[in-house]
Amino acid sequence: MNEKTLRVLEYQKIIKLVADETVSGLGREIASSLKPSNNIYEIKEWLQETTEATDIILKRGNFPLEGMHDIRVALRKAEIGSMLGMDELLLTSYTLASARKIKAFMKEDKGESAYPIIEDLVNLLSEYKNIENSINNSILNDEEISDNASPELNTIRRKIRDKHSQIKDKLNSMVTSSTYQKYLQEQIVTMRGDRYVLPVKQEYRGNVPGIVHDQSSSGATLFIEPMTVVELNNDLTQLKLREKEEIERILIALSAMITENYEGIKTNMEILSTLDFIFAKAKFSLKYRCSEPIINIEGRINIKKARHPLLDPKIVVPIDIRAGESFNTLVITGPNTGGKTVTLKTTGLLNLMAQSGLHIPAADYSEIPVFDQIYADIGDEQSIEQSLSTFSSHMKNIVTILANISENALVLLDELGAGTDPTEGAALAMAILDLLHEKSVRTVATTHYSELKIYALTTPGVCNASVEFDIETLQPTYKLSIGVPGKSNAFEISKKLGLDDLIVEKAKEFITKDKIKFEDVIAALEESRKKADEEKYIAQRLRNEIEKTKEEADKRLEKIMAQKDRVIEEANRSARLMVEKHKEEVDSLIKQLRDAIDKDNEEKARTIEKVRKGFKSIEDETEKTYGIAHTTRISHKPPEKLKLGDTVKILNLNQKGNIITLPDDNGNLTVQAGMMKINVNIKDIQLDKDVKEEVMTQRYARIEKAKASQVPHQLDLRGKTLDETLLDIDKYLDDVYLAGIPTVTIIHGKGTGVLRNGVKDFLKNHAHVKSFRTGGYNEGGLGATIVEIK
């Protein structure tokens, strides 16, 4: 990507904001080196990892990256077998602990969606709990090893403490001795280097045998190590040397553990660095209210509610930016400080962000294309040293752009053609735009020239846009209107600021009538656009509501159809089984009839009666299972005393309607059924209330008959607890009552009597129970209760 473009669009400021969200120097390095890509697959993967990290933060809270450190130096030392310092070992331990905590964090199953990229990275992390424990148990801080780092170190340090005590006791006895008090400058024990000494007066040097280690600046005091403690001090020095050797041995052993696991720990560090960078992108996304854009390779820009991330979010006005579909070139006009340059920078910067795998500060479903090149000529980069004017500076940039441009590029041109004669500048601007347009390059340009407004209106594939300006407040609104050129507001602004009307009118005389009419047309277009936008908003809202309602209806229909398919499939399966069963039974009955042909009349009659009962049984079973009665259609009496508006059912059409004409002499009348008027005879209709009564009568009769055949005449409760049985009894008595069964038996067993007594207490107050008694000799005795139903 063009470095000048990155600088002009302030890309590095965005990268710094992302880097500031990292928790480690390693993650910051990755963020700081981020550059846009033009590989769509790479970009999509970058965006997906950002989205996954954002989702994890929202659903699970902060990702536990704290504790990771840059341990590259320590790893390089471990790689060559060098000893690591205590601080390096501790930082390594903290980093390993961070990896372990992250793995535990991602293992928590909270029902969230899968995060393939993040999970793959976390799964590659290795746990080294044994190394963590060894380091943490051995090292207390950057400068101190624990006594418990090894048994040998513990022993040495205990001897050192004992030796210190011996030396102090010996010297303290000398300090408190009346013999030595007059020789001492002060009655204290001090140290020089790592040796214990006494402050002896110069004149008594010979009275305190020992080794002189130091003297005061005045020479009046000598610091002497008495001969009586020299040997003890020597022993102490030896012990300290042994302590140092043991500490080095411990550090070497711990370092060896790092060396043995060098590759895995290095991989951990690299993965943690990547995770730090990914979650920095996610935190940036949440902080600046960003969303993942849809990436395309068709050059289609459709950014909704775009906000420049470097502007104050409290005051920035979101804008919609489109290009690359019905038009490739967008010409933006409007007053100074109206937001034209911000629009250019927002367009370019958001493209760079998306191609870097960053979410963009815009509404959901915004579309960003992948460009091979993005060029920006924005701002006045006039160079005094090079003696370049504003126009020359811009033109030099444009020459460079045109020399290197490809079709899959985005070009952003600010104040195209400015800084020179307006007529020539406008002509050059149109020629440049025309060249870019012919190459199908996506171009967004700002200008003040009216000629470019006309060019955009008359050239296919080129579109006008404008930044709005409020004449009443003399303030820009910063809103971008695509499809409408900006109107020059110089006269209106001047009048608002108090310029004499005569001067304004005189100024208008110097402008051609065509230009004035053109400005008036622009004003009318702007007014029409505002009304159209309002109507579009209302239409869009209604459309969204309709689509939502349709979607809900489609889901309900899909659910109903799925249930219908299951019911039909189950019914067909049951029907097939019953047909096969009945076929076998019918074949058997026919065989019996054939066998009875040659028998005497009495036996033949018995066989025929048996066959008749068999067919009746098949008919009853079919009716019970499917509610299909093998009877002829019941005839209905024609309804009497019909009135206009009565609701009736047309029997032969199975359709309801309302009477709109009364029957004639032949019984013919007209019924309104929905949108249709149907001529029917009174014999073919039935009043709706009669239909309902008949249906309900048939339905209850069918239910009662089905219940009677299905409900058993006894309920066995043995093996259940009292609480389990009460609901079963209640439901059973309801079924018995509906089936019309007069007497049933409840079997509860003898047992301890708890279940029996509980059942009887429940029966006393039941609505369907007329009476009950203990079972007789052949009815189960004490183990059963006979219930009479009302």
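Two strands count as paired here if DSSP finds at least two bridges between them. Keep that in mind for the sheets on this tour, and remember that the whole thing is a predicted model.

**Stop 1: the sheet around E24 and E25**

Start by selecting residues 784-789, which make up strand E25. Its neighbour E24 is joined to it by five bridges, and the two run antiparallel. Now pick threonine 774: which residue stands opposite it in E25? That would be threonine 785.

Zoom out a little and you'll see an open sheet of four strands, in the order E22-E23-E25-E24, with mixed pairing. Strand E22 (714-716) and strand E24 (769-774) are the edges; each has a single partner strand, so one side of each is left without a neighbour in the sheet. From one strand to the next, the twist averages 20 degrees.

Next, show helix H22 (residues 722-739). H22 lies across E22, strand E23 (743-747), E24 and E25, and runs at about 165 degrees to E22. Add helix H23 (residues 754-764), which also packs on the sheet, touching E23, E24 and E25. The direction of H23 makes about 155 degrees with that of E24.

**Stop 2: the sheet around E4**

Jump to strand E4, residues 195-201. E4 belongs to another open sheet of four strands, ordered E3-E4-E6-E5, and here the pairing is antiparallel. On the edges sit strand E3 (190-192) and strand E5 (210-215), each pairing on one side only. Neighbouring strands in this sheet are turned by 50 degrees against each other on average, direction ignored.

Three bridges join E3 to E4. To find one end of that pairing, click arginine 192: its bridge partner in E4 is arginine 195.

Two helices to switch on here:

- Helix H9 (residues 151-175) lies across E4 and strand E6 (221-226), at about 10 degrees to E4.
- Helix H11 (residues 227-260) lies across E4, E5 and E6, at about 70 degrees to E6.

**Stop 3: helix H2**

Select residues 11-19, helix H2, and show the side chains of Tyr11, Ile14, Ile15, Val18 and Ala19, which are buried. Why do they end up on the same side of H2? Because they cover an arc of only 140 degrees around the axis. What do these buried residues pack against? Look for helix H1 (3-8), helix H3 (25-32), helix H12 (262-287) and helix H13 (340-354).

**Stop 4: salt bridges**

Searching the whole structure turns up 30 salt bridges. Here are a few to click on.

Begin with aspartate 20 and lysine 16, whose closest N and O atoms are 3.2 Å apart. Aspartate 20 is partly exposed, at 37% relative accessibility.

Then go to helix H4 (residues 40-60), where lysine 59 and aspartate 55 lie four residues apart, about one turn of the helix. Their side chains meet in a salt bridge at 3.3 Å, N to O. Lysine 59 is partly exposed at 42%, and aspartate 55 is partly exposed too, at 22%.

Finish with glutamate 367 and arginine 300, a salt bridge with its closest N and O atoms 2.7 Å apart. Glutamate 367 is in strand E11 (residues 367-369) and arginine 300 is in the loop between strand E7 (294-296) and strand E8 (301-306), so the pair ties together parts 67 residues apart in sequence. Are these two residues buried or exposed? Both are buried.

For a last selection, take Asp147, Arg157, Arg161 and Glu243: salt bridges that share partners join them into one network.

Definitions and conventions
Residues numbered from 1 in each chain as written. Predicted model: local features only at pLDDT ≥ 70, side-chain atom pairs only at ≥ 80, totals over all residues. Heavy atoms only, no water. Axes fitted to C-alpha atoms, helices over the stretch in contact; angles between N-to-C directions. Contact = heavy atoms within 4.5 Å. Buried < 20%, exposed > 50% of the residue type's maximum accessible area, 1.4 Å probe, protein only. Arc of directions from axis to C-beta. Salt bridge = Lys/Arg side-chain N within 4 Å of Asp/Glu carboxyl O.
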